[in-house]
Each structure stands twice: as C-alpha cells, then as structure tokens.
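Biologist: I should like to learn how the features of a structural model are read. May we go through one together?

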Amino acid sequence: MGMVSRHRSACIIVTTACFLMATFAWGAVFYGHSVYMDALTRDMGWSTALVSTAILVFWIASLPGTIGVGLLIDHRGPVPVVTIGALCIGLGLIALSQVTQAWQMFAVYAILGFGYPALAAAAISPTLAPWFDRGFGVALGVALTGASFGGALVPLILVYSSARNGFEATMLVAGATVLAVLALVVVVLARLGRPEPISTASPAAPAMPAKIMLRDPLFWRIAVAAALGLGGQVGFLAHQIPIVSVLAKPGAAAATVTVVALASAVGRLVVAQASRAVPATHLAAGSYALFGVGMAVLALADSFLVIQVGCAIAGLVVGPIVLLPPILVRQAFGTAGFGRTYAMINVVMYVLAALAPWMVGMLRDLSGDYIGGLWILLLLETAAIALIVKPIPNRLINT
C-alpha cells in the first residue's frame, strides 16, 4: 500500500512539473509569437512576411529537437531534455531583447525552436506516459492546462510590461524567470527518478519497428491529420494580435490571447474526461470542426465583439488539438517506445506548423489583410476532419 501511495504522490509531482513546463512552452513561446511579431514589426519596422519567415525557421529548427526528445526521454529520462529546453528558451528570450538586425532575429528564433520541443508536448507526453497505467488522457489534460495558464497570463503580462518598461527590459526579465523556475523543475525531476512498476497488468505489446511504422497507413493518417489540425491552429495563433489589432487597441488585442487560453483550458479538461468514453477520432474531428468555425467567424468579423466570439470558439479546441495526438498515438501503437513513436508523429506535425504561419504572413503582405489566410486555415481543418473521422484500432483498454 505504501508503494502505491508513493507512486500516486510521484504522479502528482511529475504532473505538476509538466504543468510548469507547459506554462512556459506555450505562454512564452507558442502564444508569445504573436506578441513578438507585433513588437518586431512595429519597433523594428520589419514586414509581417519577414517575421513570419523567422517563425518558419523556428519550426524547422524544432525538428531535430522533436526527433531527439522522445528517444532521449525513453533512454535517459526527462532531466537532460528539460535542462536543454530551459537554457534554449530562457537564453533565447534574453537574446530576443537585443536583436537589431534580421539575421540576429533568425538566429534567436532557431535557438527558441530547437529548445521548444524539450518543454512542449513532445517532452511532456513521454515524461508522463511511464507513470500512468490508466488515466493518461486525464493526466495529460491536467499537465497541458499549464499551456492555458501560461497563454492566459504571459502574453498579457508581456504586452503591458513592454508598454510600460520597454520590450528589452521585459524580455530580459521573462528569460531570467524561465531559467529560474525551470531550474527548480529540473531539480525536482532529478530527485523523482524513474517510475517503479506497480501494475500487475499483462505486458504491453512490443514497439513496432520504425521502418514498419513508416509503411503503416494508420501512422500517416494520424500524423497528417494532426499536422493539418495543428497547422491551422499555429497559423492563427502566430498572427493573432496583428489580426485582432485591425479592430482593437494593442491591450485589447492582447486580451483576446487570454480569451483563447482560458477557453482552451475548459476545452482541454472536457476532452480529457471525454476521452475515457468517446473515441479519440471523434473528439479530434469535432475539435477541428469547431476551430474551423472560429476561423470563419474571424474572417467575417466586422466588430471587436465578433472577433472575441471567434477567438472564444477557436480557443475551446486549442487545447484538445494538442492533447489528442498523443492519445491517438498511444491508442493506436501502444505504450512501448511511446517517446520514439510520438516524436515521429511530431516531425510531420511540426513541418506543417512551420508552413502555416509563413503562408498566412505571405498572404497578408500580398493582399493587405488576413481574410484569405483565415479561409486557408479553415480548409486545413476540413482536410484534417476527412482524414481522422474514421475510427482506429484500440490497443489499450484505458488511455
């Protein structure tokens, strides 16, 4: 009984650590992109297309990290991974405060991109997976609520602090905060160690060899659908403040990031609970559909109130769109070698995540507005629905 109690306490600790990782991965980076785009285009006079290209560099630079993160956690645990992520993100934010030339911006975004997977879902999912025989979806939902917490607070703080103290001072403090808090997370994870097996369940099925998995149509169906869904989301969030700023002041525009983040917390927890009873493919298809509706509302918006409605609708599934791919992967391919399998899926996801904001930025500069880009994002979500709506085999009784 004592071992079970210790295991439960450790599960709470590791989930809390992952919550803090998500807070900074999403708050300072994922949601932060639109804050930095707004500041850099305004203060440096750089075009939307140029900063969008830097975001493309960010996602391309994340590919080596997302491949290595799962493998490293499978073999060495999360401590070295989180250490790398903390250094790249913390120092990258500090460096962003000092950029004066475009090449410097590209270099900083590459550093941020390399470190991002080490704090985001690519690291959080395999960090949690070994601790949970069942309830993985719920634990992942709780941990990724840190993304909503960070998204609700960090961009708002960054915008208001930049207005009051300047962008440079704000980013220096932000980077130092990331380094300090995540240093504590690293210490906690190091003391926690690896989970002790407590389940008497039958052994998990062996991991499918990578070469065979890459020939499996199910792998590509999940990967491409998840990539399309995430691409639509990233394409919007990277440009959210500039999109909203057309009909709102900067402070009000930043507040819509908080609206999206808070709505995503609700949606994530609801979907995490629903994942116990509702097929994950149905939840994914519904999430992509709702995000598409949000993009349509924003494309047609003629007032700030309608923009808030569109942001709230899209926000409800921002969390689930990130939450569901690891659940689908675990359901389809089992727990053995989960870090490697999810890393392979993430590579496909990050490629489209790289292209979508770049494409939206290019369309913005060519047409003079974001309308065309928003409709393109809706098409991405529609394609994702068509791919994922068919059920997939379930290799686990409880996810």
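**Reading a predicted model**

Modeller: Let us begin with one residue: at 70% relative accessibility, alanine 163 counts as exposed, because the cut-off for that class is over 50%. Please keep in mind that the model is predicted.

Biologist: Where is alanine 163 placed?

Modeller: Alanine 163 belongs to helix α7, which covers residues 136-165. From the C-alpha of alanine 163 to that of glycine 77 the distance is 41 Å, with their positions 86 residues apart in sequence.

Biologist: Is alanine 28 buried or exposed?

Modeller: The cut-off for buried is under 20% relative accessible area. Alanine 28 has 5%, and therefore it is buried. Its place is in helix α1, residues 2-30.

Biologist: Which residues does alanine 28 touch, leaving aside its neighbours within four places in sequence?

Modeller: A contact requires heavy atoms within 4.5 Å. On that basis alanine 28 is in contact with Thr23, Tyr36, Leu93 and Val154. A separation in sequence can also be set beside a separation in space: alanine 28 and glycine 175 are 147 residues apart along the chain, and their C-alpha atoms are separated by 8.9 Å.

Biologist: How many helices and strands does the protein have?

Modeller: The protein contains 17 helices and zero strands. Of its 399 residues, 57% count as buried.

Biologist: Why does the radius of gyration agree with that of a compact globule?

Modeller: The value is judged against the chain length. For 399 residues a compact globule would have a radius of gyration near 21 Å, and the protein has 20 Å, so the two agree. The C-alpha trace spans about 60 × 45 × 35 Å along the principal axes.

Biologist: What share of the contacts between residues at least 6 apart in sequence joins residues at least 24 apart?

Modeller: That share is 85% in the protein.

Biologist: What should one read from the surface and the charges?

Modeller: The accessible surface comes to about 15400 Å², and 71% of it belongs to carbon and sulfur atoms. For the charges, one compares mean positions: those of the 19 positive and 11 negative charges are 14 Å apart.

Biologist: Where does pLDDT stay under 50?

Modeller: This score expresses the predictor's confidence in each residue. It stays under 50 over residues 198-203, for which the model has three contacts beyond four places in sequence. For the protein, the mean pLDDT is 84, and 90% of the residues reach 70 or more.

Definitions and conventions: Residues are numbered from 1 along each chain as its sequence is written. This is a predicted model: local features need pLDDT of at least 70, side-chain atom pairs count only at pLDDT 80 or more; totals for chains, interfaces and linings use all residues. Side-chain values use heavy atoms; hydrogens and water are left out. Helices (H or I, at least four residues) and strands (E, at least two) are DSSP runs, numbered from the N terminus. The radius of gyration is taken over C-alpha atoms; the globule rule is 2.2 Å times the number of residues to the power 0.38. Buried means under 20% relative accessible area, exposed over 50%, partly exposed in between (1.4 Å probe, protein chains only). Accessible areas come from the Shrake-Rupley method with a 1.4 Å probe; for residues, only the protein chains shown count as cover. Lys and Arg count as positive and Asp and Glu as negative; His and the chain ends are not counted. The place of a charge is taken as NZ of Lys, CZ of Arg, CG of Asp or CD of Glu. pLDDT is the predictor's confidence in each residue, from 0 to 100.
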